[in-house]
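Here are a few notes on the pockets, to read with the model open beside you. Try finding each spot yourself as you go.

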Amino acid sequence: MVRTIILLLDSFGIGYASDAAVYGDEGADTLGHICEWFAKNRKDEKGMVKPLYLPNLAALGLQLAAESSRKAPLDVGLGSDYKMGAYTYAEEVSNGKDTLSGHWEISGVPVYFDWGYFPDVQNCFPKKLMDDIIYKGNLPGVLGEKHASGTEIIKELGEEHLRTGKPIVYTSADSVLQIAAHEEVFGLERLYDLCKISFNLVQPYKIARVIARPFIGSCANDFTRTVNRHDYAVSAPEETLLDKIIDAGGNVYAIGKIADIFAHRGITKHYAACGLGKIADATVQAIKDAPDNTLIFANFVDFDSSFGHRRDILGYGEALEYVDSRLTEIFSLFKDGDLGLVTADHGNDPTWAGSDHTREKIPVLFFGSKVINKHLKPMSTFADIGQTIAAYMGMKKTFTGTAVDLF
């Protein structure tokens, strides 16, 4: 029996999708624009240009996949030639460009319905919803009620939260309601309970997730979000690749926020981790722990949450270089027959206007001892990824998608 290891670089798009204009994202290109920015703006101590350097990803075919997506060469090489693996790009068919949609579609279940969203205005939540959250949560009130960056809103309202006991409720361009509260003063379990209440209350609004955002600190200057984030998410409407593997007697080891994204369904072991270093560490440990017939699924969320949404081009690129440097260790742990995959769930071009995800194609870089080096045809849906993995692992077919031949 074989193992599959998915390394999902959250928001790592490689060129705008064919329907990007519908979303106002025509021209977005997360990787391409980072490459261009580094070639112009990052210099070494001698003042020489220091371009983006991703030798391991380039060896898997990243540059070639990106160029086939762009239908034009990248202006900057990534530091290595293509050496191994089967590469291409995939386009999304799900409505919207949300985290859940991308992950579900990869696992064989596209989202054909529309998620609900809260408008980008002050007091963005329906009054009845807020009244119900306050009443059922036994709260003195709430703060925020607007679109905001999670780190900025705790700086803005964290001290008032400590004075009043009112949690901070906010949202973003995603289908989400987020609640921030002090982990020690408000209490972590109380925050979780409040998010469970809120999750039930937002269902009529078709909201995908409610996220608990605990933080610590004594004032605006030192408030810091903790690793105890927890997402309460809607379950996929059909059985996913993860469910198929469990049904067949296999294992699914979820790293980072993967368990939350799939509402803890189809998961046998969860490795809680926050931050690129710790997620990489957890991935290494999971590969060491995993028996045959296991899917190891890691989400490197910081590309999205810490750099994409915050439009931090330098931070995004350097984070890519860090994860690329960890791939050597990860590759060394592969057994004969293991299947590896580097991919993403949507784009989040840090050069783009606003702070929303961008509708982009994603890289699909398969590798492993049995995988033949070749350029695969483009995938018309992310679901082809899950179907390919199901076929490789000898599982029942996923809900939709077409398997590609890796041999």
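1. Start with the largest pocket, which holds about 610 Å³ of space. Keep in mind that this is a predicted model. A total of 27 residues line the largest pocket, and the closest to its centre are Thr226, Val227, Arg229, Ala273 and Cys274, so click on those to find your way in.

2. Which elements give two or more residues to the lining of the largest pocket? They are three strands, β6 (209–216), β7 (224–225) and β8 (230–233), plus the helix α11 (302–308). Helix α11 has the largest share of that lining, with three residues.

3. What is the lining of the largest pocket like by class? You'll find eight nonpolar, eleven polar and eight charged residues there.

4. Now hop over to the second largest pocket, at about 490 Å³. Its lining also comes to 27 residues, and Ala148, Ser149, Ser172, Gln178 and His309 are the closest to the centre.

5. Where does the lining of the second largest pocket come from? Two or more residues each are given by α6 (150–164), β4 (168–171), β5 (176–182), β6 and α11. The most comes from β6, which puts in three residues.

6. Have a look at β6 and α11 again, as they turn up in both lists: each gives two or more residues to the largest pocket's lining and two or more to that of the second largest pocket.

7. Last, the classes for the second largest pocket: its lining divides into six nonpolar, eleven polar and ten charged residues.

Note on methods
Residues are numbered from 1 along each chain as its sequence is written. This is a predicted model: local features need pLDDT of at least 70, side-chain atom pairs count only at pLDDT 80 or more; totals for chains, interfaces and linings use all residues. Side-chain values use heavy atoms; hydrogens and water are left out. On a 1 Å grid over the protein atoms alone, a cavity is a set of points where a 1.4 Å probe fits but cannot get out, and a pocket is an open set with protein on both sides within 12 Å along at least five of seven lines; lining residues have an atom within 4 Å of a point. Grid points are joined across faces, edges and corners, and a volume is the space filled by probe spheres set on the points. Helices (H or I, at least four residues) and strands (E, at least two) are DSSP runs, numbered from the N terminus. Ala, Val, Leu, Ile, Met, Phe, Trp, Tyr, Cys and Pro count as nonpolar, Asp, Glu, Lys and Arg as charged, and the others, Gly among them, as polar.
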